[in-house]
Amino acid sequence: MNSTSHSERDLIQCFRGRPQLTRAEIQELTGFSRVTVSHGIKHLLGSDTLIESAGTLSHGGRNASYLSLNENSGYVGIVYFSATSMSVAISNIKGEVLKSTSTSISIEDGPDQIFPQSIALLKESFKGINKSKRLGVIIGVPGPVSHELGKVVSPPIMRGWDKINFHQEFHDIFGLPTYLENDANLLAIAEHRLVYPNEKNLILVKIATGIGSGLILNNQLHRGSNGSAGDIGHIQLDALKGIACRCGHTDCVESFASGWALVEKIRTLGYKVENSKDIAELCRKGDTKILNLVTEASSYIGHALADAVNLLNPSKIVITGSLVDGTDLVLATIKESVYQRAGALATKNLQIETSQLGEDAALLGSAQLGLDQFFYKVSAS
Ligand SMILES: [Zn+2]
């Protein structure tokens, strides 16, 4: 793939969403001459990017052979940090996650131990994969990201991590292009590509240690001017009076409704909880006090989300995260709150649902972004 020319990239683009094509179909899709297509295909077959298989008789009676992507021709490395875990994985050019390992961390411990650990795990994961087939590395983090700097920016729950230049560090060690992305954005990409490709405007909300969202607007991921778009957890609500947030402001949604805020509150009630997963477990056990708190928290998230709905008019909101997994009340309360507060036209065709992608959602989103960045070489959507 290293020596792929501009026209060959156009040829590769044809295979996006199309499992197999004939040369004639490629010619039609690209508008290139037969010679250009033939030359480009020959090179892509030679580099193992494409494979050829005999087809059945075509309409013209001639035996057309089919071309398809060789799923083993390229691999993306993925490192995904959440507040409480780190996952390292490899995906292929079909966007399938082939192998992944996950380990518990506390992102608040800072990068000194965790960062070298992530490098070691990725080295291990890349073992056995020829260097020429390693396309790049996607890194997901639970905080706002600057793509220009390759760093996290003012991360409320990633103190100390802003000294790491992810792009530079991974490039120096692996010699590969590296792309840093916010976790909610990766989840939004996964939902949009893999579950709801026909929804042009989708909001993904992650409710876990922090609260964040990823915005797909007109089929494109919307990062905003500085990468902070979707920072729904730091919308301030009048109903919350004088509660300090970790971002330095007061009365943010997160200051009441996030996993970290709930952990603090629930501890004062005498419970031993470490994180949002523990809270979800208490919900599953039917603890009424905790369920009431989580319901109240969900209603505040709904308040903020109603503002987002009025502003952006999405047709789909997908809710995910460890707190959501604990009880159906989170979804039900958010729905009630959004439909009550947002305008009638903005909610006319709106559906709010929980994610069905499961634990691998962020890795699947990372795999999709990896294909965009390193294989198809288009901007994320
Ligand atoms: Zn805040």
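**Exercise 1. Find how far apart the centres of domain 1 and domain 2 lie, and describe where the domains touch.**

Solution. Taken over C-alpha atoms, the centres of domain 1 and domain 2 are separated by 38 Å. The contact between them takes five residues from domain 1 and four residues from domain 2, where two residues are in contact if their C-beta atoms, placed from the backbone, lie within 7 Å. On the side of domain 1 that touches domain 2, helix 1 (residues 6-13) gives the most, with three residues. The residues of that side of domain 1 divide into two nonpolar, one polar and two charged; here Ala, Val, Leu, Ile, Met, Phe, Trp, Tyr, Cys and Pro count as nonpolar, Asp, Glu, Lys and Arg as charged, and the others, Gly among them, as polar. The domain assignment places domain 1 at 6-69 and domain 2 at 74-381, with bounds that come from an automatic or database domain assignment.

This is a predicted model, in which local features need pLDDT of at least 70 and side-chain atom pairs count only at pLDDT 80 or more, while totals for chains, interfaces and linings use all residues. Residues are numbered from 1 along each chain as its sequence is written.

**Exercise 2. Determine how the axes of helix 1 and helix 3 cross, and which residues meet there.**

Solution. The axes of helix 1 and helix 3 (residues 34-46) come within 10 Å and cross at roughly 85 degrees; axes are lines fitted to C-alpha atoms, for helices over the stretch in contact, and angles run from 0 to 180 degrees between N-to-C directions. Helix 1 is therefore roughly perpendicular to helix 3, a term that covers angles of 65 to 115 degrees. From helix 1, S7, E8 and L11 meet T36, V37, G40, I41, H43 and L44 of helix 3. The residues of this contact divide into four nonpolar, four polar and one charged.

**Exercise 3. Work out the strand order of the sheet that holds strand 3, and say which helices pack on that sheet.**

Solution. Five strands form an open sheet with mixed pairing, in the order 5-4-3-6-9; two strands pair if DSSP finds at least two bridges between them, and strands (E, at least two residues) and helices (H or I, at least four residues) are DSSP runs, numbered from the N terminus. Strand 5 (97-104) and strand 9 (178-182) stand at the edges with a single partner strand each, so one side of each is left without a neighbour in the sheet. Strand 3 (residues 75-81) and strand 4 (residues 85-92) run antiparallel and are joined by seven bridges, and Y75 stands opposite N92 in strand 4. Helix 4 (residues 111-126) packs on the sheet, touching strand 3, strand 4, strand 5 and strand 6 (134-141), and its direction makes about 25 degrees with that of strand 4. Helix 12 (residues 361-375) lies across strand 3, strand 4, strand 5, strand 6 and strand 9, running at about 135 degrees to strand 6.

**Exercise 4. Describe the sheet with the order 12-11-10-13-14 and the helix that lies across strand 14.**

Solution. This open sheet has five strands and mixed pairing. Strand 10 (residues 202-207) pairs with strand 13 (residues 316-320) in the parallel sense over five bridges, and the bridge partner of V205 in strand 13 is I319. Helix 11 (residues 329-341) lies across strand 10, strand 13 and strand 14, running at about 165 degrees to strand 14.

Note on methods:
Angles under 35 degrees count as roughly parallel, over 145 as roughly antiparallel, 65 to 115 as roughly perpendicular and the rest as oblique.
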